[in-house]
Amino acid sequence: MKRILVGIKRVVDFNVRIRVKPDGSGVITDGVKMSINPFDEIALEEALRIRERGQAEEVVVATIGPADCAQQLRTALAMGADRALHVQSDALIEPLTAARVFLKLIEREQPFAVILGKQAIDDDNNQTGQMLAALWGRPQATFASKIELSDSTAQVTREVDAGLEVLEVDLPAVFTTDLRLNEPRYVKLPEIMKAKKKPLETLPLESLGVEPRVRVKTLRTDPPPQRQKGVRVKDARELVEALKQKGLL
Amino acid sequence: MSSKVLIVAEHDGARLNPSTARCVTCARGIPGAQIDIAVCAASAGELAQAAAHLEGVSRVLVLEHPENAHPRAAVLAPQLVALAGQYTHLLGPSTTFGKDLMPRIAALLDCAQVSDIMAVEGERRFRRPVYAGNAILTVEVEGTGPVVGTVRTASFDAAAEGGSATIESVPVTVELPTHTRFVSLSAAASDRPDLQSARRVVSGGRAFGSAENFKMLYRLADKIGAAVGASRAAVDAGYAPNDLQVGQTGKIIAPELYIAIGISGAIQHLTGIKDARTIVAINKDPDAPIFEVADYGLVGDLFQILPELEALLDENR
């Protein structure tokens, strides 16, 4: 079966104002709205579109994390994924651990494409897709804004600092998504009901033989330094004068 | 304690990207660091010279191979992994080049990576932003393996020139994969300063309303020798190309002067400009969040203010 594996992560919703705990032990996540990482939603949308074009037969969505993550998997199923894998663990999962887990899932599912978000908006690491491609010994096409598949290759447009780069990669390959790849669909109510009947398999992390090692230990979390509040100028002339006085113009 | 740091140079085949010199400054913060730079290129010539001139660099290692003409992570990673044994730290810039490459190296070395290093606090201790810069972590890399990291270039000044490192050629003997092929790169040709290293940046948002109107911004930029940036909204709307996007998922910049015009200032945008020395905001909405971080705020319609600014700048000539 032609299968695409999509990874999603449960993160603090992008609209939530992040607050650091006063004791420096992390950010406040209690009672905060959680969502699918926006880049991962784009990854799932892309996989669904590929399947809808007839270039894949099945979209499998997977996540790693505690029991609560099942919510986000259900949302992914409601969006249109065929089945879900929940690798369950309460441990802190670093990108290298996540990549190892996905390598195990690849061995199980034999996908021709793995699509992940380019970064999670909580830890902002931007590592997992690249690490997975390395461990798998396969191509990586990161920061994709366009993916065109043919039988054994993919042509990918990447958003790079210099502009737009096009790569051709052999399949199977790992793709990571940038913002402009697509706009994810909204989930409709009937689909949420239907999604409850779709298969969601739970796999304890230990059953995959991957140890959640922590190699980058967080010692402290601080709020960012605040900028001093500035002044209002009344018109363009006053602005130019002020900037000249500071030697900026 | 002595550390040996290898920095992966970023370049476009002709010139060294300024991010490399900023990585050198980051590396110099690591106690007792001896710093080497690896230049992977088809033909390194002047690139190697430029790297050797950076102050604080001991050696420049030149890896020449036809496949290095267009940098791809899958092709570069095995070459750099082959050198890694001699080093305690491997650093690259937190640009799309480094973000693509460094995790691939880290995984091949069975190492974790520290992304977006904004400060060095010790041999294996760093500060880095998370949650779009709304929290700052102090992290320590455990164990004894090499530290792999990307450097948030906006947090470090470029190393000065005046160094005289030795240049050594390193033969590429590892097998390079053929599964990832370069097709094309469409870069906007521009005489304007580079967004990531410009001293002045003028940036526009959705309020411009069209790609045609956005051109007003280029005129202003040229009058003050500034680079042009854009908010995500302006890029999504097609007013500006993707390589101008400033913010969490675009470019993180630290100019001396940043002028945000018609940008409301979403958290994701603000994270890209936090290190700007002086921020100017021009916006119709007096409650726009951009004013919270602006040193100078001007409330008003950009279509009225921009021509006024242009006229005032002409007066000054």
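**Exercise 1.** At roughly how many degrees do the axes of helix α6 of chain A and helix α9 of chain B cross, and within what distance do they come?

*Solution.* The model is predicted: local features need pLDDT of at least 70, side-chain atom pairs count only at pLDDT 80 or more, and totals for chains, interfaces and linings use all residues. Residues are numbered from 1 along each chain as its sequence is written, chains are lettered from A and ligands numbered from 1 in the order in which they are written, and side-chain values use heavy atoms, with hydrogens and water left out.

Step 1. Locate the helices: α6(A) covers residues 236-245 and α9(B) covers residues 302-315. Helices (H or I, at least four residues) and strands (E, at least two) are DSSP runs, numbered from the N terminus.

Step 2. The axes cross at roughly 45 degrees and come within 9 Å. Axes are lines fitted to C-alpha atoms, for helices over the stretch in contact, and angles run from 0 to 180 degrees between N-to-C directions.

Step 3. Angles under 35 degrees count as roughly parallel, over 145 as roughly antiparallel, 65 to 115 as roughly perpendicular and the rest as oblique. α6(A) and α9(B) are therefore oblique to each other.

Step 4. On the α6(A) side the contact (heavy atoms within 4.5 Å) involves Ala236(A), Arg237(A), Leu239(A) and Val240(A). On the α9(B) side the residues are Ile305(B), Glu308(B), Leu309(B), Leu312(B) and Glu315(B).

**Exercise 2.** Describe how α3(A) and α4(A) pack.

*Solution.* Step 1. Helix α3(A) spans residues 95-109 and helix α4(A) residues 128-136.

Step 2. Their axes are 8 Å apart, at an angle of about 50 degrees, so the two helices are oblique to each other.

Step 3. Residues of α3(A) that meet α4(A) include Phe102(A), Leu103(A) and Ile106(A); among their partners in α4(A) are Met131(A), Leu132(A) and Trp136(A).

**Exercise 3.** Is His89(B) buried or exposed?

*Solution.* Step 1. His89(B) belongs to strand β4 of chain B, residues 89-93.

Step 2. Its relative accessible area is 0%, so His89(B) is buried (under 20% relative accessible area; exposed is over 50%, partly exposed in between, with a 1.4 Å probe and protein chains only).

Step 3. A polar atom of the His89(B) side chain lies 2.7 Å from the backbone oxygen of Glu123(B). Beyond four places in sequence, the contacts of His89(B) include Val5(B), Leu6(B), Ile30(B) and Phe126(B).

**Exercise 4.** How many disulfides are found over all chains?

*Solution.* Step 1. A disulfide is a pair of cysteine sulfur atoms within 2.5 Å. The search of the whole structure finds zero.

Step 2. For Cys111(B), the nearest cysteine sulfur is that of Cys26(B), 17 Å away. Cys111(B) is buried, at 6% relative accessible area.

Definitions and conventions:
A polar contact is a pair of N or O atoms within 3.5 Å; within protein, one must be able to donate a hydrogen and the other to accept it, and residues adjacent in sequence count only if both atoms are side-chain atoms.
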